[in-house]
Amino acid sequence: MWNYLKGFLALIILLGWQGDIVCLLAQSSPNIIFILSDDAGYADFGFQGSEMMITPRLDRLAQSGVVFEQAYVTAAVCGPSRAGILTGRYQQRFGFEENNVPGIMDHYLQTDDDMGLPLDQVTMADYLKAQGYRTALFGKWHQGNADRFHPTFRGFDEFLGFRGGARSYFPFTADHPASRQEDWLERGYRKFGESDGYLADVLVDETIQFVERNQEQPFFVFLSFNSVHSPMDALPEDLAQFPELTGKRKKLAAMTLALDRACGRLLDKLDELGMTEHTLVVFTNDNGGPTDSNASDNSPLSGTKANHLEGGIRVPFIMRWPAAIEGGKRFAPPVSTFDLLPTFLTAAGGNPDTLTHLDGVDLIPFLNGQEEGIPHDTLFWKKENRGAVRAGDWKLLRFPDRPAELYHVVNDPGEMHNLASEHPDKVRQLYKALFRWEVTLARPKWQLERRFEGKAMKRMDRYWDRVEDQ
């Protein structure tokens, strides 16, 4: 960052006239575009090794940026994962347990309308707006359906999307209406109405228009796709690109192609407007792929969405900022999506060091070699009785119905070799570390009915049964 600022100051001196100075000042704070896919498989992109999926535009983004090899989310399901991203914190610190909202809950704790990102939490949009950014969210919200949780009250100047966690990719009609208000597309606040076209295209159209309108000031866009979350809606022309596939896998490939094409249109617009150099772009996913429901592929990782095996919490992750980050690299140490808030805030000229409540860190100095070491020695996950801790190369998994398991995830990313019996001291050490972290957390504001925790364990067991049968 310092080298970039020195270069910027040198250019001001060399150019030396007011018009160019104004232009350069506008560029000193980068535009920020955060692209989040939904329920994608770890291996379902070309830059992640897939030979089946067609993702040329995201592959090109990866080639010109930094690919993070061990990027984690803070939760294995959508809503709490997004809460961690938006706040730069473990969401359990403010009572957002690893359960979606509103869901089917124990209503003696909260009613549906009480469930959402707590209003005392400051979002990345709030912070960037305070730095002079124009802010927008296009797509999925999933942080509370009640009006008081609305994106336009949480730091976003503009919104086109839906409040819930999933919906059709095609417009609702009188013959096929939405069953819930939170599924309808909404422009701004309480202006409900459907837009023609496939939803991934609708969202990127809106993003491109926002970029065109805001060329003269720094902006932040959260492009929150619901692709490739169920329902499995795909365009006929995209399905035709995969004649060798069938069933859900065919639909997933077609939906991934549409996602990639939409991202490519946005990246092309940045090139057309001469904004690529000074735009920080991040692409990642909100949790691991639910292989049992959308035929996604998390290999070589084990597990699925909703559990703490690597396949549930490790995600694809690209960052590109040509003016400040050398591209064409891979970054091996573990990072978390809660690092995005301090990274964005620092890039925007803010100082996250004054925000002592954050769990994330600015990643840019680690990418440029200005900061020694690794961003995180330890990372944690928790859902009621279940929990996990990653410390160095080791990972402990705690369960409600069986002994804890220990894996050396660098040598065994598929978590196939449980080493708990061979390293009891390491099990004890990590178990205690997980508990020490848990006692710093808030009481959960809502929880699932207990029977659903049993279903989650059965789901994980079914995954292992499929693996053993192969």
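Which residues form one aromatic cluster? I listed Phe34, Trp141, Phe156, Phe220, Phe222 and Phe344 as its members. I note at the start that I am working on a predicted model.

**Entry 1: the mixed sheet**

I traced an open sheet of 9 strands with mixed pairing. I wrote its order down as β6-β5-β4-β7-β1-β8-β10-β2-β11. At the edges I found β6 (186-187) and β11 (329-331), each of which pairs on one side only.

I then looked at how β11 is held. Strand β2 (residues 66-68) runs parallel to β11, and 3 bridges join the two. Opposite Val66 I found Lys329 of β11.

**Entry 2: strand β8**

I turned next to β8 (279-285). How many of its residues are buried? I counted 7 of 7, so β8 is mostly covered, a residue being buried when its relative accessible area is under 20%.

I also checked which way its residues point. Thr279, Val281, Phe283 and Asn285 point one way, while Leu280, Val282 and Thr284 point the other way. I found both groups buried. I kept a general remark beside this: in a regular strand the side chains alternate between the two faces of the sheet.

For the neighbours of β8 I made two notes. With β1, the pairing is parallel and covers 7 bridges; there I matched Ile35 with its bridge partner Phe283 in β8. With β10, the strands run antiparallel and 4 bridges join them; Val282 has Met319 of β10 as its bridge partner.

**Entry 3: helices on the mixed sheet**

I looked up what lies across these strands. Helix α8 (residues 247-272) lies across β1 (31-37), β7 (219-224), β8 and β10 (317-320). I recorded an angle of about 175° between α8 and β1. Helix α11 (residues 340-347) also lies across β1, β7, β8 and β10. Its recorded angle, about 175°, is to β8.

**Entry 4: the antiparallel sheet**

I found another open sheet, with 4 strands in the order β13-β14-β15-β16 and antiparallel pairing. Why is one side of β13 (378-383) and of β16 (405-408) left without a neighbour in the sheet? Each stands at an edge and has a single partner strand, so there is no strand beside its other side. I noted that neighbouring strands here are turned by 10° against each other on average, direction ignored.

Strand β15 (residues 394-398) pairs with β16 in the antiparallel sense, over 4 bridges. I placed Leu397 opposite Glu405 of β16. Helix α13 (residues 424-438) lies across β13, β14 (386-391), β15 and β16, and runs at about 70° to β15.

**Entry 5: rings**

I counted 22 aromatic pairs. One that I looked up is Tyr90 with Phe338, whose ring centres are 5.0 Å apart. Their planes stand at 90°, so I entered the pair as edge-to-face, a class that needs over 60 degrees.

Where do the two residues sit in the chain? Tyr90 is in the loop between α4 (78-87) and α5 (124-130), and Phe338 is in the loop between β12 (335-336) and α11. The pair links distant parts of the chain, 248 residues apart.

Are the two buried or exposed? Tyr90 has 5% relative accessibility and so counts as buried. Phe338, at 1%, counts as buried too.

My last lookup was a charge over a ring. Arg402 lies over the face of Phe399, at 5.6 Å from the ring centre.

Notes. Residues are numbered from 1 along each chain as its sequence is written. This is a predicted model: local features need pLDDT of at least 70, side-chain atom pairs count only at pLDDT 80 or more; totals for chains, interfaces and linings use all residues. Side-chain values use heavy atoms; hydrogens and water are left out. Two strands pair if DSSP finds at least two bridges between them. Contact means heavy atoms within 4.5 Å. Axes are lines fitted to C-alpha atoms, for helices over the stretch in contact, and angles run from 0 to 180 degrees between N-to-C directions. Buried means under 20% relative accessible area, exposed over 50%, partly exposed in between (1.4 Å probe, protein chains only). Rings of Phe, Tyr and Trp (its six-membered ring) pair if their centres lie within 6.5 Å; planes under 30 degrees apart count as stacked, over 60 as edge-to-face and the rest as tilted. A charge sits over a ring if NZ of Lys or CZ of Arg is within 6 Å of the ring centre and within 35 degrees of the ring normal.
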